[in-house]
Structure formats: C-alpha cells, structure tokens
Amino acid sequence: MSTQEERTLARVALTWLTEPGTRSVYRLVTRLGPVSTLDLLLAGRAPEEKLRSAVAARSAHGDAQAAAADALARTERLGARIVTPEDEEWPARLADLRKLELPGAYRRVDTETAPPLCFWVRGSWPLAEALDRSVAVVGARACTGYGTHVATEIGYGMADRGWTVVSGGAFGIDAAAHRGALNAGGLTVAVLACGVDRPYPMGNAALFDRIAESGLLVSEWLPGAEPLRPRFLIRNRVIAAGTLGTVVVEASARSGATQTAHRALALGRPAMVVPGPVTSAMSVGTHELLRDHPKARLVTGVAHVLEEVGRIGADLAPPARGPDRPTDALDDEARSVLEAMPRRGRADVQRLAARAGLDVRTALRKLSLLEELTLVVRRDDGYALAPPNRVPANPAGDG
C-alpha cells in the first residue's frame, strides 16, 4: 500500500511526463492509482502508442522521479504546497471535466480536457473554500479603456459581495478584474499557465505578489515551468470548471477568453458576455458568442452576473429604469389633465375638463392632486403649470 507522500510524488512525476489534461493518463490513475500508473508508463507499457511515444520522448531528457523530487523541494522553498484529489481542499467541482466534450474538437488542447492530477498553490486560503462561491472574469489582453473599467467594476462588485474573482493573471481584462477584487478587500485567484514561482507576464509581478498575500496563485505545472502557448488553453478548462460561471468582458475574434466561455457552456455553466461597441475589434468575439450560443447571456454589470450565478430567486437584478419622476404615480385621469395644461398661460377648469375628456368634478379632484404634487399652481383665473424649477421638463411623459 503506497503512502500519501508516494502518491503525491507519482502525481507530480506524471505531470512532468505528460501535459495536464491527458485523458488516457487520468483514466489510468483513476483505475490503477498514481503510483502504479507511473510504474506502467516508465516501463514502456502504456496502452496507447501515442502515450508511449510521449513518455519515451520526455524520459529521454530526464528522470521523472528525480524531477518530481526536485519539484517537491522547490515547492517547499517557495512556501507553496501541492494539492491533490486526496486532500480536503481539492475542489470537487473539477470532476465535471470528466464529461467535458467540445463540439467539433480536433486539437489536443480541445480534446485532452481531463481533470487535473494535482495543483501547486501559493496562498493561505483552502483552495476548495476559495472556489466555492467564485466567478471567472476573463477577456482580452489588449483591452480598451471601456473594458478595463467594466472588468474593474465587476471584480470590485463581486468581491465586495463575498464572491471570489477568478482569472488568468494576464494583462488587460484579467489584471483589471484581479485589481478590482483586491481593491474591494476581497478574494481573488489567478490560475496560471506556468509555474507559480514564475510570474508571467513579468509586468504583473507585483500584482501576483498581492494575490499570493491575500488570495491564491494556482497552477498545474511544476515550479519553473514555462508559459508555453498551448498551456493557456489547457489552463482555461480549470477556470471554466472551477467557477460557477464565466464573464467575458472583451474578446477579439480568436481570443482565448472565448474558449473559456465555450468550455463553460459545454459544462453547463453560465457563460456571460458584456456587450461593447460594434465598431470595436475587442468586442467582435463577445458579440459572436451571443450570436452563436443561445445560452450565452448578456450582462451589463454586477447585478446581472449575480442573477446568473447567485441563489435562485434571491439574487435577481432589479429591472432597468430611469430616475423616479413626480408623474410616475399618476393615474390616467391625472395624466390627462396634466397633458391638457397649456405650456404657457392659464386655463380654467371647464376648458381643462373638456381637453382631458373628463367631467368638471373629476377634473377638479385631479387638479387638487396635481397641486399637492407641485406640478400645477392655482391662479385667480385658472390653473397653470408650475415654474420650471418645480416641475421636470415634459412632465406628462416622454411622448
């Protein structure tokens, strides 16, 4: 019977041998356990030729067990930790990746989407607790000022309401969402496509330090691992599966942020899209998501996001409406009398009643109400509209 330390070492070695998300490796670990799976692969007895070739190629450049031992030592020096599915802080929601199937997928990054074998984590929060009430906010690196503003507002608003904001730590929308959450004094998680000791992009190094202090830095790759291009898309499945929903703020036509939304939709998670100007290249991808996916939801702020990911019936967004007006509570008869008022000068009760199509008695009652609301004033020779400083322009409505 293997020990927990041996199983963790084996998971790290398997991660070094094969890229995260490899389905054949995940199935072997599920069936045989990590230690027996590692022994099988190192003996050249993987059940698939493709996997045997990948293991042989990697083994030709190093020893998996030695690399794993070195990774454990580096992890300890970093003050980080390795989290595995056997640990209490493992996020159970990630198991949904077992059933993730992307329509029309043919690239490795779209087909090899199995659950992770382990994570490297920097930060004191338990990972499962941090992701329990979480939402992903993702988008373009080369974002506009509009996108930065919206991402910051959503990050701040969600964190201020006790939600964890998850993103990828990149320039642009990701960084804005992280900073918004940090400025609210809330929790944010950056899921990286490289080692947790290797800030990428370097320009966000100070941001990563802030996140590690009050939130979490998370990665599937060993310390020192490079941020290779395919790893960003491999990483995105974790962002989609680990959260309760994904918000895409801005995205170009081929943005990786839209791929995160596709993974969320395939998992049955809410995928939310912030609309932008139709003239902006940074909103082409978001608008295409809305056109191509009936289940993608348009959101314009925190209230809409909460309605999608919050408690059913408890986090509904208020209906959009303009500012309250004194005329909002008027009934049809009072509105008719107000509309009958001349824009200049005065009118007597009989004339107003005739123009409003009401009897004189009803017109008098409604004029008294309008007078109480300071919408009209009574003169010796009739009634007039109140001065402009006492009544909004076009008091009878927009028409």
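Glutamate 19 is partly exposed, with a relative accessible area of 23%, and in this predicted model its side chain meets that of arginine 231 in a salt bridge with an N to O distance of 3.0 Å. The search of the whole structure returns 17 salt bridges, whereas the search for disulfides returns zero. The points below take up the charged pairs, a buried glutamate without a salt bridge, the cysteines and two backbone features.

**Salt bridges**

- The pair of arginine 231 and glutamate 19 links distant parts of the chain, since arginine 231 belongs to helix H11 (residues 229-242) while glutamate 19 sits in the loop between helix H1 (4-17) and helix H2 (23-32), 212 residues apart.
- Arginine 231 has a relative accessibility of 10% and therefore counts as buried.
- Aspartate 110 and arginine 263 join their side chains in a salt bridge of 2.6 Å, N to O; aspartate 110 is in helix H6 (residues 108-111) and arginine 263 in helix H12, so this pair ties together parts 153 residues apart in sequence, and both residues are buried.
- Lysine 366 forms a salt bridge with aspartate 331, with the closest N and O atoms 2.8 Å apart, and because lysine 366 lies in helix H17 and aspartate 331 in the loop between helix H14 (302-309) and helix H15 (332-340), the pair ties together parts that are 35 residues apart in sequence.
- Lysine 366 counts as buried at 12% relative accessibility, whereas aspartate 331, at 33%, counts as partly exposed.
- Through salt bridges that share partners, Arg107, Asp110 and Arg263 are joined into one network.

**Glutamate 250**

- Glutamate 250, in the loop between strand E7 (246-248) and helix H12 (256-266), is buried yet has no salt bridge, the nearest side chain of opposite charge being that of arginine 141, 13 Å away.
- Its side chain does make a polar contact of 2.7 Å with the side chain of threonine 144, and the residues that glutamate 250 touches include Val138, Cys143, Ile173, Met282 and Thr286.

**Cysteines**

- The sulfur of cysteine 143 is 20 Å from the closest cysteine sulfur, that of cysteine 194, which is too far for a bond.
- Cysteine 194 is likewise in no disulfide, with the nearest cysteine sulfur, in cysteine 118, 15 Å away, and cysteine 194 counts as buried at 2% relative accessibility.

**Backbone features**

- The peptide bond from tyrosine 200 to proline 201 is cis, with omega near 0°, and proline 201 is found in the loop between strand E5 (188-192) and helix H10 (205-214).
- Threonine 374, in the loop between helix H17 (360-372) and strand E10 (376-379), has a positive phi near 55° and counts as partly exposed at 32% relative accessibility.

How values were computed. Residues numbered from 1 in each chain as written. Predicted model: local features only at pLDDT ≥ 70, side-chain atom pairs only at ≥ 80, totals over all residues. Heavy atoms only, no water. Helix = DSSP H or I, 4+ residues; strand = E, 2+ residues; numbered from the N terminus. Buried < 20%, exposed > 50% of the residue type's maximum accessible area, 1.4 Å probe, protein only. Lys, Arg positive; Asp, Glu negative; His and termini not counted. Salt bridge = Lys/Arg side-chain N within 4 Å of Asp/Glu carboxyl O. Polar contact = N/O pair within 3.5 Å; in protein donor to acceptor, adjacent residues only side chain to side chain. Contact = heavy atoms within 4.5 Å. Disulfide = S-S within 2.5 Å. Lists of a residue's contacts leave out its neighbours within four places in sequence.
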